[in-house]
Amino acid sequence: MQAHHFTFLFISLIILDFAIHTWLNIRQIRAISKHASAVPAEFAEQISLKSHQRAARYSLERLRLSQLQLFYDVVILLALTILGGLHWLYQAFGLAAEPTIFKSILFILCVQLILSVLGLPFAIYKTFRLEQKYGFNRTTPGLFIKDTLMSSALSLVLGSAILWAILYLMQSTEQWWFWAWLVVLVFMAVMMYIAPTWLMPLFNKFTPLDEGEVKDKIESLANRCDFQLSGLFVMDSSKRSSHGNAFFTGFGSNRRIVFFDTLLNKLGANEIEAIMAHELGHFKHKHIIKRLAWMVIGCFIFFALLGYVSDKSWFYEGLGVPLGEQQHYHALSLVLFALVIPSFTFWLTPLNSRLSRRDEFEADAFAAQHSDANALIAALVKLYDDNASTLTPDPIFSAYYDSHPPAIIRIQHLKRLMGAAA
């Protein structure tokens, strides 16, 4: 492939990606605006018009912000690639003359720092303006700064370790991409295991779930479903946000169920049991294992493609980096590939969304069998209302992006399950 052909392909895909996302955002804005004046019949008794219109305004503001950020991200991507930003930075670090592992790690971390700083205005606006406006934000400026610094420090320590391993392999063996893939898989497995007990407590406090009706119901549910629990914990999420949620984390002996404290304050015991039955459905249908398998395959393809393009001059020159006499651009290939690969894989988003929605339907069916489906419906409606989720998404927008079925379709599916079981 010629460098100018690759440049044309890259820019064309950026334009196509931007156009599709913009078109979808416009469709979503129109759909929400069109139905903002009336609550859908399925929710008329549970959700007020005032709350429905608040959710519409919240969704519209999020969409407009995402559209602005979409354009902002395209400008940054072009500035770093075609316009020569990365090439200048690479030269500034002296990597063209002396591509040591130490300098390479500093270069990559510097690029990550630049991207993080450039993304801060949107993070600050979303937290302290948008989320604050609709009553969701509880993060103080001090906590925001603390979170940012701690996450940056973790990225520095953990990122440096994995980067050193990858860069060492790139310099040491011809099949480096295969061994790098294995190293990353081991690293991710270790992170998944230690995250619940070592990393997550750095940001939140986790306390055992108190004795009572909720704990009794969850333990009874786990016994009925033959699911081995290693712990039930409550996370103090309310210090950052009023959004409610619950999740599984870890695996093996470190597997635990975590409730946001905000969720426990919003839902009754039967509703929490139904939500947990849904989450157990993901395990029983092996959705987690399937997603991990896809992640492993995707990681393999990522490194295989990286290994292929890393010694191709058209890859670098097509992205604004003229090659000199140096033979190896290891650090630059890592950064360039990570930056541009989303422009070549955006079309996978609707496929991933479809597979995820299929899993959600299966988990709902499992929950309807092992808990009260009416309680699950009631819990979902409360969460839609409390989280200001739109009840009237555009069908195409939803099919492209949404990992969960639209509210109306999901509720109708649960009601059909109840009718079939009657």
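## Briefing: annotated sites, ring pairs and a strand trio

At 6% relative accessibility, Phe-6 counts as buried, and this ring is a handy way into the model, which is a predicted one. Its partner Phe-315, at 2%, counts as buried too. Beyond the rings, there are two sets of UniProt positions to look at: an "active site" pair, Glu-279 and Asp-364, and a "binding site" trio, His-278, His-282 and Glu-360. Both features come from an unreviewed entry.

**Aromatic pairs**

- The model holds 28 aromatic pairs.
- Phe-6 and Phe-315 make one of them, with ring centres 6.0 Å apart and planes at 50°, which puts the pair in the tilted class.
- That pair bridges distant parts of the chain: Phe-6 sits in helix 1 (residues 3-34) and Phe-315 in helix 11 (residues 313-317), 309 residues apart.
- Why do both rings count as buried? The cut-off is under 20% relative accessible area, and Phe-6 comes in at 6% while Phe-315 comes in at 2%.
- Phe-128 and Phe-144 form an edge-to-face pair, at 5.4 Å centre to centre and with 70° between the planes.
- Phe-128 belongs to helix 4 (residues 101-133) and Phe-144 to helix 5 (residues 141-172), so this pair ties together parts that are 16 residues apart in sequence.
- The two partners fall in separate burial classes: Phe-128 is partly exposed at 27% relative accessibility, whereas Phe-144 is buried at 16%.

**A charge over a ring**

- Lys-312 lies over the face of Tyr-308, at 4.1 Å from the ring centre.

**The "active site" positions**

- UniProt lists Glu-279 and Asp-364 under this label, in an unreviewed entry.
- The two are spread over 86 residues of sequence yet cluster in space, with a largest C-alpha distance of 8.7 Å.
- Glu-279 is placed in helix 9 (residues 269-284), and Asp-364 in helix 13 (residues 349-370).
- Buried or exposed? Glu-279 is buried, with a relative accessible area of 19%, and Asp-364 is buried as well, at 0%.
- Leaving out residues up to four places away in sequence, Asp-364 touches His-278, Leu-376, Arg-410, His-413, Leu-414 and Leu-417.
- Which side chain does Asp-364 meet in a polar contact of 2.7 Å? The partner is His-278, which also appears on the "binding site" list.

**The "binding site" positions**

- His-278, His-282 and Glu-360 carry this label in the unreviewed UniProt entry.
- Their spread is 83 residues of sequence, but they cluster in space, the largest C-alpha distance being 8.2 Å.
- His-278 is in helix 9, and so is His-282.
- His-278 is buried with a relative accessible area of 5%, and His-282 counts as buried at 5% too.
- Setting aside neighbours within four places in sequence, His-278 is in contact with Glu-360, Ala-363, Asp-364, Ala-367 and Arg-410.
- With residues up to four places away left out, His-282 touches His-287, Ile-288, Arg-291, Asp-359, Glu-360 and Ala-363.
- Glu-360 and Ala-363 therefore turn up in the contacts of His-278 and again in those of His-282.

**Strand 2 and its partners**

- Strand 2 (residues 232-235) is covered on both faces: Leu-232 and Val-234 on one side, and Phe-233 and Met-235 on the other, are all buried.
- Strand 1 (residues 206-208) runs antiparallel to strand 2 and is joined to it by three bridges.
- Within that pairing, Phe-206 has Met-235 as its bridge partner.
- Strand 4 (residues 256-260) pairs with strand 2 in the parallel sense, over four bridges.
- Here Val-234 is bridged to Phe-259.

**Two smaller polar residues**

- Ser-237 lies in the loop between strand 2 and strand 3 (246-249) and counts as buried at 6% relative accessibility.
- Not counting residues up to four places away in sequence, Ser-237 touches Asn-204, His-243, Phe-260, Asp-261 and Thr-262.
- Thr-127 lies in helix 4 and, at 17% relative accessibility, counts as buried.
- Apart from neighbours within four places in sequence, Thr-127 is in contact with Gln-132, Asn-137, Thr-139 and Phe-144.

Key: Residues numbered from 1 in each chain as written. Predicted model: local features only at pLDDT ≥ 70, side-chain atom pairs only at ≥ 80, totals over all residues. Heavy atoms only, no water. Phe/Tyr/Trp six-rings, centres within 6.5 Å; stacked < 30°, edge-to-face > 60°. Helix = DSSP H or I, 4+ residues; strand = E, 2+ residues; numbered from the N terminus. Buried < 20%, exposed > 50% of the residue type's maximum accessible area, 1.4 Å probe, protein only. Lys NZ or Arg CZ within 6 Å of the ring centre and 35° of its normal. UniProt positions renumbered as here; feature names shortened; annotations may be inferred. Contact = heavy atoms within 4.5 Å. Polar contact = N/O pair within 3.5 Å; in protein donor to acceptor, adjacent residues only side chain to side chain. Pairing = 2+ DSSP bridges.
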